[in-house]
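Thanks for making the time this morning. I would like to walk you through one model, beginning with its ligand and then moving outward to the chain as a whole.

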Amino acid sequence: MKRIAVIGGGLTGLTISNFISKDCDTEITIFEEKSEKKLLDKTSAKIVLSYSTVEILKKYNLWDKDSFRPNFIDKIHLSYSNSLGSTTISSQDENLDFLGAHIQTDFLKKKLIESIYSNKNIQLNSGTHIFEINGENKKQIFYSKNNKNSHSEFDAIIFASGLDLLKDNYFNDKISKEYDQTALVFHLKGSKKSSSIAYERFTDDGVLALLPSEDDWLVIFSLHNSALKKYEEVSDIELTKKLQTLIGKKVGEINKISDRFKYPLSLSYYKKFSHSNVCLLGDACHKLHPIAGQSFNLTVRDCFILSNSLKMDNDIHTVFNNYQNLRYKEMKRIIKFTDFLADKIYRLPIRKFILGKIFLVLDFNKNVKKLAVGLITGSYLYKKNINNMKAYD
Ligand SMILES: Cc1cc2nc3c(=O)[nH]c(=O)nc-3n(C[C@H](O)[C@H](O)[C@H](O)COP(=O)(O)OP(=O)(O)OC[C@H]3O[C@@H](n4cnc5c(N)ncnc54)[C@H](O)[C@@H]3O)c2cc1C
């Protein structure tokens with residue numbers, strides 16, 4: 001039986017371990033430096049899972065609608081504040097049941113961990129820090145746990161370790177870009193209850209995403225750093241006034257704003273993310289701007305292809321090489337799309353006019369809408385591959 005090491009027990013490490021163990025006869029060890037308690041700590045983080053992600057999770061019995069309590073998103077309304085053009089893309093454009101499902105990240109994590117605990121072929125080694133990797137065909141992993149150093153041998157390594165630096169010893173063609181933007185994230189309550197519509201409102205200060213949440217709205221405001229202070233350091237009353245001006249009555253009268261959290265925004269990815277029997281996955285491979293909610297959704301499609309490739313071929317080198325070849329194109333496409341919305345648009349001198357025009361054209365052109373929906377939901381993969389599981393198509 002093959003032995004695979006997965007470095008990192010975030011969403012990516014937990015997802016790929018579940019997929020591989022269901023697809024192949026493989027022994028998997030997840031190394032996670034956080035303690036088990038920290039791994040299960042409650043957070044307020046939320047995530048939008050795209051249509052294809054939900055379909056893939058269903059295939060692996062990892063979708064639990066009752067405990068996830070999703071807010072399904074059927075429509076996304078795009079507009080630029082104080083401009084005429086706007087458009088709405090809808091699940092109906094591509095005959096899908098929904099575009100995305102907004103859930104609490106903890107619920108998914110809990111489900112993934114429970115499934116791992118019930119699987120004798122996966123070992124979750126928490127509180128374990130990897131500090132070195134050696135060897136060619138067999139890889140030796142050196143780790144410390146409870147102040148004691150040890151090592152183990154594996155046939156392959158999957159780095160699912162987010163932005164750590166250890167992987168840079170193996171992969172050296174990293175592309176990175178600082179956006180000079182910060183995401184300000186908070187919840188708000190309005191007099192209108194959230195429905196199944198999400199809003200993406202372009203403003204001069206950055207892009208404001210309004211996502212329907214249980215009984216309120218989640219705001220992810222990707223602000224240019226020059227404008228951050230205007231929203232970060234003001235009172236809730238002042239912020240309410242500013243938001244109300246930017247979004248009008250989309251949520252009705254805003255009557256409550258939660259604590260605000262902020263995250264610096266950047267892009268990083270590797271042109272080559274497989275090398276011999278080592279590969280990169282998740283944020284370790286591509287970390288994107290959150291504007292289109294694509295980072296983890298792209299990862300789930302990567303996991304699906306990688307796991308199915310492993311099912312079809314015994315040779316790890318071939319599998320990782322195929323994974324690189326099959327996934328590079330889509331990764332680049334999603335990066336271009338995200339980077340255009342997050343950054344390129346803001347470099348255009350008459351962006352309000354151009355975006356308004358783009359939205360108007362989009363609004364009348366069913367084919368372009370269909371393409372946009374396919375891109376953000378990954379539905380092409382669902383239609384092409386999921387049903388017959390042909391990862392090599
Ligand atoms: C505000 C915001 C909103 C977002 N919304 C969405 C969305 O709607 N849709 C979407 O698809 N994505 C979204 N994302 C992105 C998504 O959350 C991430 O892509 C995803 O959580 C990354 O998971 P990961 O497991 O790859 O990385 P991480 O979560 O960083 O996990 C890496 C793990 O590896 C461990 N580790 C690192 N180094 C070592 C080592 N040497 N030894 C042992 N363990 C190690 C770390 O402790 C960590 O637990 C959003 C992100 C943000 C910030």
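**Around the ligand**

What you see here is a predicted model, and in it 33 residues surround the ligand, with Gly8, Gly10, Gly162, Gly282 and Phe296 being the closest. If we sort the residues of that shell by character, 15 are nonpolar, 13 are polar and five are charged.

Where along the chain does the shell around the ligand come from? At least two of its residues are supplied by each of the helices α1 (11-23) and α8 (295-312), and the strands β2 (26-32), β3 (46-50), β9 (128-134) and β13 (174-190) each do likewise. In terms of domains, both domain 1 (2-175 + 266-386) and domain 2 (178-265) contribute at least three residues each to the shell.

Stepping back to the chain, we count twelve helices and 21 strands, and the C-alpha trace spans about 60 × 45 × 40 Å along its principal axes. For 393 residues, a compact globule would be expected to have a radius of gyration near 21 Å, and because the chain has 21 Å, the two agree. Of those 393 residues, 43% count as buried, and of the contacts with a separation of 6 or more, 74% are between residues 24 or more positions apart.

Let me finish with one helix, α3, which runs over residues 51-59 and is mostly covered, since seven of its nine residues are buried. The buried ones are Tyr51, Ser52, Thr53, Val54, Glu55, Ile56 and Leu57, and just after the helix Asn61 takes a positive phi of about 55°.

Definitions and conventions:
Residues numbered from 1 in each chain as written. Predicted model: local features only at pLDDT ≥ 70, side-chain atom pairs only at ≥ 80, totals over all residues. Near = placed C-beta within 6 Å. Helix = DSSP H or I, 4+ residues; strand = E, 2+ residues; numbered from the N terminus. Nonpolar A, V, L, I, M, F, W, Y, C, P; charged D, E, K, R; others polar. Domains from an automatic or database assignment. Rg over C-alpha atoms; globule rule 2.2 N^0.38 Å. Buried ≥ 20, exposed ≤ 12 C-beta atoms within 10 Å, placed from the backbone. Contact = placed C-beta atoms within 7 Å.
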